[in-house]
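Open the structure in your viewer and keep the sequence panel visible. The tour below goes from one selection to the next and says what is found at each stop.

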Amino acid sequence: MGKVIFINSDRIGDGEAELGLKLMQSFLYSLARTETKPSAVLFMNSGVRLTCDGSGALDDIKLLVADGVAVKSCGTCLDYYGLKETLAVGEVGTMNGTAETVMAATDVVSVG
């Protein structure tokens with residue numbers, strides 16, 4: 001397995017929330033359009049909001065899936081935020097699956 005992107009928040013950084021959301025959406029827009037794609041993008045904690053109805057990043061994440069990138073959102077996190085029924089892209093992931101993906105990766109990049 002190649003590179004894995006681990007997204008643990010719906011925003012980048014600890015500054016202004018609106019700026020952090022904009023930065024994360026910009027990152028996902030750019031990632032979806034890079035020539036070299038990751039093998040997987042794993043969404044945890046508030047990062048799962050990015051894969052649910054109403055997210056401004058859905059089109060970009062759907063582009064990643066269309067290019068063969070595995071997209072998984074933490075099932076426990078979706079349940080915690082009451083979002084399981086609104087998942088709009090990718091699959092519900094498990095902690096076991098996340099651990100296996102991370103350990104099989106050649107490199108893991110954490111964003112959030």
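A salt bridge here is a side-chain nitrogen of Lys or Arg within 4 Å of a carboxyl oxygen of Asp or Glu. By this rule the count comes to 7 salt bridges. The model is a predicted one.

**Stop 1: Asp10 and Arg11**

Select Asp10 and Arg11 and show their side chains. The two meet in a salt bridge, at 3.1 Å from N to O. Asp10 is buried, at 7% relative accessibility, whereas Arg11 is partly exposed, with a relative accessible area of 24%. Now add Arg49 to the selection. Asp10, Arg11 and Arg49 are linked in a network of salt bridges.

**Stop 2: the sheet**

Switch to a cartoon view and colour the strands. The open sheet is made of 5 strands in the order E4-E3-E2-E1-E5, and their pairing is parallel. At its edges are strand E4 (91-93) and strand E5 (107-111), each of which pairs on one side only. On average, neighbouring strands of this sheet are turned by 25 degrees against each other, with direction ignored.

In general, strands of a sheet pair through backbone hydrogen bonds, either parallel or antiparallel.

**Stop 3: strand E1 and its two partners**

Select residues 3-7, which are strand E1. How many of the residues of E1 are buried? The number is 4 of 5, so E1 is mostly covered under a limit of 20% relative accessible area for a buried residue.

On one pairing, E1 meets strand E2 (residues 40-43) in the parallel sense over 4 bridges. To find a matched pair here, pick Phe6 in the sequence; Leu42 in E2 stands opposite Phe6. E1 is also joined to E5 by 5 bridges, and these two strands run parallel as well. In that pairing, Lys3 has Asp107 of E5 as its bridge partner.

**Stop 4: Lys3 and Asp107**

Keep Lys3 and Asp107 selected and show their side chains. The side chains of this pair meet in a salt bridge too, at 3.6 Å from N to O. The pair links distant parts of the chain: Asp107 is in strand E5 and Lys3 in strand E1, 104 residues apart. Are these residues buried, exposed or in between? Lys3 counts as partly exposed, at 39% relative accessibility, and Asp107 is partly exposed as well, with a relative accessible area of 37%.

**Stop 5: helix H1**

Return to Phe6 and Leu42, which stand opposite each other in E1 and E2. Then select residues 17-32: this is helix H1, which packs on the sheet and touches E1, E2 and E5. The direction of H1 makes about 160 degrees with that of E1. Follow the chain from E1 through H1 to E2. These three elements make a right-handed β-α-β unit.

**Stop 6: Arg33 and Asp60**

Select Arg33 and Asp60. Their side chains meet in a salt bridge, at 2.8 Å from N to O. Arg33 lies in the loop between H1 and E2, while Asp60 is in helix H2 (residues 58-66), so the pair ties together parts that are 27 residues apart in sequence. Arg33 is partly exposed at 42% relative accessibility, but Asp60 is buried, with a relative accessible area of 7%.

**Stop 7: helix H2**

Stay with Asp60 and widen the selection to the helix. The buried residues in H2 are Leu58, Asp60, Ile61 and Leu64. They cover an arc of only 165 degrees around the axis, which puts them on the same side of H2. What covers these buried residues? The cover includes H1, E2 and strand E3 (70-74). Now turn the view to the other side of H2, where Asp59 and Ala66 are exposed.

**Stop 8: two backbone angles**

Select Gly68, just after H2. Gly68 takes a positive phi of about 90 degrees. Then go back along the sequence to Asn45, in the loop between E2 and H2. Asn45 has a positive phi of about 50 degrees although it is not a glycine. At 42% relative accessibility, Asn45 counts as partly exposed.

Conventions. Residues are numbered from 1 along each chain as its sequence is written. This is a predicted model: local features need pLDDT of at least 70, side-chain atom pairs count only at pLDDT 80 or more; totals for chains, interfaces and linings use all residues. Side-chain values use heavy atoms; hydrogens and water are left out. Two strands pair if DSSP finds at least two bridges between them. Axes are lines fitted to C-alpha atoms, for helices over the stretch in contact, and angles run from 0 to 180 degrees between N-to-C directions. Contact means heavy atoms within 4.5 Å. Buried means under 20% relative accessible area, exposed over 50%, partly exposed in between (1.4 Å probe, protein chains only). A crossover is right-handed if, with the strands pointing away from the viewer, the path from the first strand over the helix to the second runs clockwise. The arc is that of the directions from the helix axis to the C-beta atoms.
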